[in-house]
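Colleague: Before I rely on the descriptive terms used for this structure, I should like to see each one justified. Could we begin with the cysteines?

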Amino acid sequence: MLVDSHCHLNYPGLVEDIEGTVARAMDADVNYMLCISTKLSEFSAILNIAKTFSNVGCTVGIHPHESKSEAKTSVDALVALTEHSKVIGIGETGLDFYYNNAPREAQEASFRTHIGASRETQLPIIIHSRDADKRTIEIIHEEQKIGNFPGLIHCFSASNELAECAISYGMAISLSGIITFKTAQDIRKTVKTIPLNHILLETDAPFLAPVPHRGKTNEPAFVRHTAVKAAEIFDLEPDTIAEITTNNFFNLFSRARRPIN
């Protein structure tokens with residue numbers, strides 16, 4: 001069994017054939033998928049997807065790109081939206097200083113609000129960090145001193161320092177199809193240093209399709225290719241990586257219901 005810990009089933013490219021997307025995932029032994037929120041204005045649609053499929057969970061949150069355009073939220077408002085049992089995480093949130101689609105101040109304020117909701121609910125926070133490792137590390141340190149919150153660094157393509165920071169607080173590192181790219185040698189070297197009990201797998205579908213599907217619409221079924229590459233990096237069998245990362249996922253996302261095979 002495999003888990004896709006981060007996908008966007010409500011996005012164009014997947015939502016038009018969502019039943020087929022879920023069926024293909026299950027045919028590939030991807031038996032649980034986490035549909036990630038990037039806008040509160042789309043949360044009800046995401047929750048409806050999770051309600052429709054027994055093996056799909058969802059999160060609630062605002063992507064850093066949307067932290068200016070989306071209505072300002074609060075810890076209490078986010079916490080209230082986690083009431084349904086299908087909501088198993090907070091985010092996607094964090095910092096993106098590559099595109100700077102929102103002012104950095106807005107991104108940081110939103111990030112801290114999401115951390116507050118994660119701290120209060122103890123639901124894992126899904127952290128996006130691009131060209132913002134130093135500030136992400138500073139905020140994680142500052143906020144963990146206030147009170148512990150669980151979480152993960154999603155779509156890892158960052159520095160050793162960010163990985164070490166996350167691991168020091170018991171957080172997970174999620175590997176995407178990026179690890180299959182020819183140009184990702186440095187990322188693979190860093191990944192190899194991460195303890196196996198902190199590793200998750202994801203697609204970020206419909207984006208970042210792994211080799212051999214680069215350039216195509218990504219989908220949860222393709223997480224198996226990332227699993228094969230992760231097994232190669234750690235010198236393990238793919239079935240072993242599947243078991244480890246699946247157990248890691250359900251240990252972190254304790255609200256998720258493990259499917260019965």
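Colleague: Why is Cys7 not called bonded to Cys35?

Modeller: A disulfide is a pair of cysteine sulfur atoms within 2.5 Å. The sulfur of Cys7 has its closest cysteine sulfur in Cys35, at 5.6 Å, which is too far for a bond. This is a predicted model, in which local features need pLDDT of at least 70 and side-chain atom pairs count only at pLDDT 80 or more, while totals for chains, interfaces and linings use all residues. Residues are numbered from 1 along each chain as its sequence is written, and side-chain values use heavy atoms, with hydrogens and water left out.

Colleague: What makes Cys155 unpaired, and how many disulfides does the structure hold?

Modeller: For Cys155 the closest cysteine sulfur is that of Cys7, 13 Å away, and therefore too far for a bond. The structure holds zero disulfides.

Colleague: Why are Cys7 and Cys155 called buried?

Modeller: Buried means under 20% relative accessible area, exposed over 50%, and partly exposed in between, with a 1.4 Å probe and protein chains only. Cys7 has 0% relative accessibility, so Cys7 counts as buried. Cys155, at 12%, therefore counts as buried too.

Colleague: What makes a group of residues a nonpolar core?

Modeller: The term denotes a set of buried Ala, Val, Leu, Ile, Met, Phe, Trp, Tyr and Cys residues joined through side-chain atoms within 4.5 Å. The largest such core has 68 residues, and Phe156 and Leu175 have the most contacts inside it. Helix H8 (residues 223–234) gives the most to this core, with six residues. A second, separate core of 14 residues includes Tyr32, Ile36, Phe253 and Ala256.

Colleague: Which residues does Phe156 touch, beyond its neighbours within four places in sequence?

Modeller: Contact means heavy atoms within 4.5 Å. On that basis Phe156 is in contact with Ala163, Ile173, Ser174, Leu175, Ile187, Thr190 and Val191.

Colleague: How do you know that S1 and S2 pair?

Modeller: Strands (E, at least two residues) and helices (H or I, at least four) are DSSP runs numbered from the N terminus, and two strands pair if DSSP finds at least two bridges between them. Four bridges join S1 to strand S2 (residues 30–35), so the criterion is met. The two strands run parallel, and Val3 stands opposite Tyr32 in S2.

Colleague: What makes S1 and S8 edge strands?

Modeller: The open sheet has eight strands in the order S1-S2-S3-S4-S5-S6-S7-S8, with parallel pairing. Strand S1 (2–7) and strand S8 (199–201) each pair on one side only.
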